[in-house]
Amino acid sequence: MPGHQNRAAHVRRKPLAPLPDELSGPVRDFVAALRRMHGELGYSLKELESRLPASRSSLSRYLRGQSLPDERLLVQWCTLSLTGEDRLPALVELLHRAQESADAGAGAAARDTASDGETGTNAEDAPRAGREAGAAKEAGAGVATGGRRTRLLLAGLGTAAVLTAAALAVPALISSNGSPGGGSDDRAPGAKNAASAAGTARITVHNVERACQHRRTENCALGLARDPYRPYRRSNVVGHVWHGEVLRAVCRIANGITVTDEVGGHSSLWFRVEHKGEQVWMPAIRIRPEQVENTTLPGCPD
């Protein structure tokens, strides 16, 4: 399916070079998927530069696997393609794996260099050791630098993204009856009232866009889904809520489709909620972060 209705007018002037053989693992998987999505657009890098907040040289490095884009840029890139919305969750997951792999590779190179220094080298071996360390550093520099840059940007995207990412670990700490494994009750202020009668909890809708936190307009509405395992788009939306509304949740899952918000936060955690007499689904990324982290609920049955 073409990514642009006028694709014939936007054919790339220069085809992308093949990926280098030395590019492997999660980084190669992400870059290959990114190139497939980019191939649908039909834009040259010059044309793409005018549509994205990135320079032509940066875009070229991303498509060659020399560095990694940040998540916000990836979201904007996907919106240019008609199939980008469907591809986004998988691309985000591949990007996270690539970042982890790049950071791990940089850490391993640093440890190897430090280890060589601890064992010591004589005057004859020193030049060779220096050359080997330099080669390892050069091989991983492009991707590692992109990974560090991405980490710094994501760290600055706001509390919501950080807390939501941390909340993904919560289900593993909850026993089958919904009780915390540790038995303690160290919750954030006000969170002790979140859990109510058996199997239910009150949760508050949260919109990260400040302009929408005091508006009840169509553009500020957040969707409730029929199925948390299907793409989170209009065909799967069965109702709407707005910032500040309180819903009653009955259970949750941790393996739904990944939803990314307007500032780059993402989560695959979903809550089943009661809304107008029906049970529907709300993505955790649209709920107050401290409630996602502290609310105790059982897992939803299959």
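Are C212 and C220 buried or exposed, and what does the predicted model show about the bond between these cysteines? In this predicted model, C212 is buried, and C220 is buried as well. The two residues are joined by a disulfide, with a distance of 2.1 Å from S to S. Because the torsion about the S-S bond of C212 and C220 is about -70°, this disulfide is left-handed.

A disulfide is a covalent bond that links the sulfur atoms of two cysteines. The structure holds 2 disulfides, and the other partners to look for are C251 and C300, whose sulfur atoms lie 2.0 Å apart. Here the torsion about the S-S bond is about 100°, and therefore the disulfide of C251 and C300 is right-handed. C251 belongs to strand β4, which covers residues 246-253, whereas C300 sits in the segment after α8 (289-294), so that this pair ties together parts that are 49 residues apart in sequence.

The surroundings of this second pair can be described one cysteine at a time. C251 has a relative accessible area of 5%, and because buried means under 20%, C251 counts as buried. C300 has a relative accessible area of 11% and is likewise buried.

When the bonded cysteines are counted along the chain, the disulfides follow the pattern 1-2, 3-4. A further cysteine to find in the structure is C78, which has a relative accessibility of 2% and so counts as buried.

Definitions and conventions:
Residues are numbered from 1 along each chain as its sequence is written. This is a predicted model: local features need pLDDT of at least 70, side-chain atom pairs count only at pLDDT 80 or more; totals for chains, interfaces and linings use all residues. Side-chain values use heavy atoms; hydrogens and water are left out. A disulfide is a pair of cysteine sulfur atoms within 2.5 Å. Buried means under 20% relative accessible area, exposed over 50%, partly exposed in between (1.4 Å probe, protein chains only). Helices (H or I, at least four residues) and strands (E, at least two) are DSSP runs, numbered from the N terminus.
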